[in-house]
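Reader: I would like to get to know this model before I go back to the bench. Please show it to me, and then let us talk through what can be read from it.

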Amino acid sequence: MLKVSGIETYYGKIQALKGVSLEVEQGKIVTILGANGAGKTTTMKTIAGLLKPKNGTVEFLGENVTGLRPDQLVKKGISLVPEGRAILSGMTVLENLEMGAYQRKDKEIAKDLDTVMERFPILKERKSQLGGTLSGGQQQMLAIARALLSKPKLLLLDEPSMGLAPLIVADIFKIIREIKDAGTTVLVVEQNAKQALKIADYGYVLETGKVIIHGPAQDLLEDPRIVEAYLGRK
Ligand code: ATP
């Protein structure tokens, strides 16, 4: 579904990605792991069109989409939930959700809003409340729900569990599984390696702008290099 080949992305003269290649198969959850500064967010931003790679290509459903704008990629079916969620704090929960569907022209939006609110009852309960008044976990759910309203084929999640209490983190991982089960493919960046690998089908480990290890998630959970660096003390 997604094929990233040798992307090199820069911030000015700083090369953040030194030729990252990865693939995401339709219907799977794929996770990207790595230490701070490894290039995970830069990879996600490059796929979502927020950054343009200097070299390399991004193919989506067989089409070269390298360098397209984020709104063009949303139309093609790629939606990003950024690190830090980017909730519109001065708008209500409902308005935030409606923003997710702003590019759609079909007549199913009202129905999909209902479906999303059924999946996230807390958002239904708080639909008239301002986004900024929600807890961190609720904001993450709102950000995910908003992205789902663009009807993505591929959902990109950048550190969805960041800063959340363990019980809420478990909820978020459960939601990611449910999203996959409902037919949406997921690429998720996580610091929480163990839980991410438990729900993922396949994983990539980034280090200083390069993929250093990749394989089926089950294998990575038992890979001594991963256990040592990412799972050991958890
Ligand atoms: P984190 O978990 O901290 O978000 P990450 O793996 O997502 O880490 P990136 O944010 O992709 O890492 O950063 C990759 C490299 O690019 C790092 O060396 C970082 O310092 C650098 N970098 C990131 N954003 C910028 C920026 N806006 N300007 C300059 N350098 C940047």
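Reader: Let me begin with the ligand: how far from one of its oxygen atoms does a polar side-chain atom of Glu 83 lie?
Author: Good place to start, with a word on the basis: this is a predicted model, in which local features need pLDDT of at least 70, side-chain atom pairs count only at pLDDT 80 or more, and totals for chains, interfaces and linings use all residues. Residues are numbered from 1 along each chain as its sequence is written, while side-chain values use heavy atoms, with hydrogens and water left out. A polar contact is a pair of N or O atoms within 3.5 Å (within protein, one must be able to donate a hydrogen and the other to accept it, and residues adjacent in sequence count only if both atoms are side-chain atoms). For Glu 83, the distance to the ligand oxygen is 3.5 Å.

Reader: Which residue has a side-chain N or O atom 3.3 Å from an oxygen atom of the ligand?
Author: Asn 36 also reaches toward the ligand, with a polar side-chain atom 3.2 Å from one of its oxygen atoms. The residue with the 3.3 Å distance is Glu 159.

Reader: And how much of the ligand's exposed area does the protein bury?
Author: Accessible areas come from the Shrake-Rupley method with a 1.4 Å probe, and for residues only the protein chains shown count as cover. Taken alone, the ligand exposes 630 Å², and the share of this that the protein buries is 62%.

Reader: How do the residues around the ligand divide into nonpolar, polar and charged?
Author: A residue counts as near the ligand if one of its heavy atoms lies within 4 Å of it, and 13 residues surround the ligand, with Gly 37, Gly 39, Lys 40, Thr 41 and Thr 42 the closest. Ala, Val, Leu, Ile, Met, Phe, Trp, Tyr, Cys and Pro are taken as nonpolar, Asp, Glu, Lys and Arg as charged, and the others, Gly among them, as polar. On that basis the shell holds four nonpolar, six polar and three charged.

Reader: Which element gives the most to this shell?
Author: Helices (H or I, at least four residues) and strands (E, at least two) are DSSP runs, numbered from the N terminus. With three residues, the leading contributor is α1.

Reader: How many of the nine residues of α1 are buried?
Author: Buried means under 20% relative accessible area, exposed over 50%, and partly exposed in between (1.4 Å probe, protein chains only). Lys 40, Thr 42, Thr 43, Met 44, Thr 46, Ile 47 and Ala 48 are buried in α1. Helix α1 (residues 40–48) is largely enclosed by the rest of the structure, because the number of its residues that are buried is seven.

Reader: Which residue follows α1?
Author: Look for a positive phi, near 90 degrees. The residue with this value, right after α1, is Gly 49.

Reader: Now the sheet: in what order do its four strands come?
Author: Two strands pair if DSSP finds at least two bridges between them. β1 (residues 2–8) is joined to β4 (residues 20–24) by four bridges and to β6 (residues 55–60) by five, while two bridges join β6 to β7. The sheet is open and its pairing antiparallel, and the order is β4-β1-β6-β7.

Reader: Which are the edge strands?
Author: An edge strand here pairs on one side only. That describes β4 and β7 (63–64).

Reader: Which residue in β4 is the bridge partner of Ile 7?
Author: On the β6 side, Leu 2 has Phe 60 as its bridge partner. In β4, the partner of Ile 7 is Val 20.

Reader: How far apart, N to O, are Glu 178 and Lys 174 in their salt bridge?
Author: A salt bridge is a side-chain nitrogen of Lys or Arg within 4 Å of a carboxyl oxygen of Asp or Glu, and the structure holds nine. Glu 178 and Lys 174 both lie in helix α7 (residues 166–181), four residues apart, about one turn of the helix. Glu 178 is partly exposed at 31% relative accessibility, whereas Lys 174 is exposed at 54%. Their N to O distance is 3.6 Å.

Reader: Which residue meets Lys 180 in a salt bridge?
Author: Lys 180 is buried, at 17% relative accessible area. Its partner, at 3.0 Å from N to O, is Asp 201.

Reader: How many residues apart in sequence are the parts this pair ties together?
Author: Asp 201 lies in the loop between α8 (193–199) and β11 (202–207) and Lys 180 lies in α7, so the pair ties together parts whose separation in residues is 21.
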